[in-house]
Amino acid sequence: MTGDDATLAQPLRASDPRRLGEYRLLRRLGEGGMGVVYLAAAPTGPLVAIKVIRADIADDPDFRRRFRSEVARARQVPPFCTAEVLAADPDHEPPYLVVEYVDGPSLADAIRDRGRFTAGNLHGLAIGVATALTAIHGAGVIHRDLKPSNVLLAPGSPKVIDFGIARALQGSGGHTRTDQVIGTVGYMAPERFGPASGNALTPAADVFSWGAVVAYAGTGRVPFGVDTAPLVALRIMTQPPDLEGLTGPLRELLEQALAKEPADRPTARELLDRLLAVGPARPIDLDATAPAPSRSSSRQGATAGSGATAGSGATVGSGAEPATAARGTATAAAPTARVRPLRRGGRWRPLGLAAAAVIAVGLVFTTVASGVVGLPSATRSPDAAPAGAPVNAQLAWWDPLDRPHGWRVAVESRFDATCTFDPDLTVTVNVRETVYKCPGLADWYTDFAAYVDVTLHRPGNCAAIWFRFDGRAGFALRVCEEGYAFVTHDSKGVTIRRTMPLAVRLGVPVRVGIAGEGDTFRFYRDGEQVGTAFSDAYAEGRVSLGILQRSQGDAPPYRVSFANLEIWAPGA
């Protein structure tokens, strides 16, 4: 282990009574908002996945509580429908969770790589996920983040994973602040966006997510679109879903599962009963011009590519074909003797415009699995992909950078450096020839477009936006008074690959843009392209913000600011 893995220098030992012993870490599988996921081997038994809380948040009481909740919720759920918890130690430094290693692709990866499901396979998938939800709800747990990347097509039956934001049915508001809605917006129920969503949540919210997930698998489209999070949320609250191409009893069931009112939706058990009582519809007849499912390029949550998937949400390798995996073992929960009729009525009951506006205002800061989508009062949220954005790009992150959310306040004594909000994200360093990145996003991106306002406050100062950076190496765009410089940054230092002369005025924000697609990178100033570069040195990584001084620069202190960050990427 090197670099970011140094926090695991001490052996990991299970505190679980089964005492699986010391784990040998094999490789990193992925990274999410709470931690890093590793593939590991134990002295006895099969391969496992170990989720370790990030070192920079391990001492945060809120994250400690959330991690304990994840362990507790995951232990409550029957192992046949999720990745079994094998061991956990919330008191270890850092805390960790050991789960079964699930060898199979996520639903998101399967749709991306192979396209939408056939009618028969879709029916099998619907049964498998409904079976898992029935077991989850029967264990007294609401998942709250059911989405394609959290459904694994494991051999035998789909498994629903990642209970990092789940809560008990009888629990209180949990760990969610009143200004947060945790989840992935396109798959969230309408009641999730109300001012009292935390306390009012019921299992019906997971049923709505089931409907959105199955609809996505059958059409290749997110049923309420892929625009900015607030627009998608507004459609969820006021518009019917896009189910074009779906037919028969399954479509009727999806319509009922996607009802606006929780009381109008069937329970998970009712879903299962109805699905087992009827067969699949005739083959889906979608218009040949319907858009194909878009490629997913970011490691949102903890996804690390397609294929074999760890129980905490990290994905690697290749796995089973959906045609076999999606059928599952639906008989795990047998139907009741009499199939209960599903409730009807009020399916597309639209909210009044005033009510919708009030709820939209309540989405001031919506925390999604991939980040924070903000609606600042003084700054317009992006309403269209910027120049250079990849094909099928959607907004993956929108943050005004005027308060701690994606980026946090930090003090680094080694560099005599700080990251504060004054009023924007402001980086100050008092050491000569410094490289300093503010702690921020953990999400990884491949193809992307990133735009951010950059302000240089003193002569000789240079800001930087790192991208496709894995914590040890990657690219960066350095922004100085004399112009841009596209560089690689690794253990050997900074290597300039291309310079783009242009004037950047002190104290005046400049809109800096970077668009990367494959090995091609385009750079923008205030919406105008100013240069192009090519390199295949790094395929994916994080976006980071900070200071990257020249080897021959002016004396410190250095001070730069960032505001209004947007990141666009192809979405699932």
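**Exercise 1. Identify what covers the buried residues of helix 8, and decide whether this helix is enclosed.**

The cover of the buried residues of helix 8 includes helix 3, helix 5 and helix 7. The model is a predicted one, in which local features need pLDDT of at least 70 and side-chain atom pairs count only at pLDDT 80 or more, while totals for chains, interfaces and linings use all residues. Residues are numbered from 1 along each chain as its sequence is written, and side-chain values use heavy atoms, with hydrogens and water left out.

Step 1. Fix the terms. Helices (H or I, at least four residues) and strands (E, at least two) are DSSP runs, numbered from the N terminus. Buried means under 20% relative accessible area, exposed over 50%, and partly exposed in between (1.4 Å probe, protein chains only). Contact means heavy atoms within 4.5 Å.

Step 2. List the buried residues of helix 8: Ala268, Glu270, Leu271, Leu272, Asp273, Arg274 and Leu275.

Step 3. Conclude. Helix 8 is largely enclosed by the rest of the structure, because seven of its ten residues are buried.

**Exercise 2. Describe the largest nonpolar core and the surroundings of Trp210.**

Step 1. Define the core. A nonpolar core is a set of buried Ala, Val, Leu, Ile, Met, Phe, Trp, Tyr and Cys residues joined through side-chain atoms within 4.5 Å. In soluble globular proteins, nonpolar side chains tend to be buried together.

Step 2. Find its central members. The largest core has 56 residues, of which Leu125 and Trp210 touch the most other members. Two or more residues come from each of helix 2 (107–114), helix 3, strand 6 (141–142), helix 5 (204–219), helix 6 (229–238), helix 7 (248–257) and helix 8 (268–277).

Step 3. Examine Trp210. Leaving aside neighbours within four places in sequence, Trp210 is in contact with residues including Ala126, Val129, Leu146, Leu253, Leu271 and Leu275. Apart from this core lies another, of 49 residues, among them Ala417, Val454, Met500 and Tyr558.

**Exercise 3. Determine whether Gly128 and Thr455 are buried or exposed, and locate each**.

Step 1. Gly128 lies in helix 3 (residues 119–138). Gly128 counts as buried because its relative accessibility is 3%. The C-alpha atoms of Gly128 and Val160 are separated by 9.5 Å, and the two residues are 32 residues apart along the chain.

Step 2. Thr455 belongs to strand 20 (residues 448–456). With 10% relative accessibility, Thr455 also counts as buried. Beyond its neighbours within four places in sequence, Thr455 is in contact with Gly507, Val508, Pro509, Arg559, Val560 and Ser561.

**Exercise 4. Find the disulfides and give the handedness of each.**

Step 1. Search. A disulfide is a pair of cysteine sulfur atoms within 2.5 Å, and the whole structure holds two.

Step 2. Treat Cys419 and Cys438. Their S to S distance is 1.9 Å. The torsion about the S-S bond is about -95°, so this disulfide is left-handed. Cys419 is in strand 16 (residues 417–421), and Cys438 is in the loop between strand 18 (435–437) and strand 19 (444–445), 19 residues apart. Cys419 is buried at 0% relative accessibility, and Cys438 is buried at 4%.

Step 3. Treat Cys462 and Cys480. Their sulfur atoms are 2.0 Å apart. Here the torsion is about 120°, so the disulfide is right-handed. Cys462 is in the loop between strand 20 and strand 21 (463–469), and Cys480 is in strand 22 (residues 474–480). Both Cys462 and Cys480 are buried.

Step 4. State the pattern. With bonded cysteines counted along the chain, the disulfides follow the pattern 1-2, 3-4.
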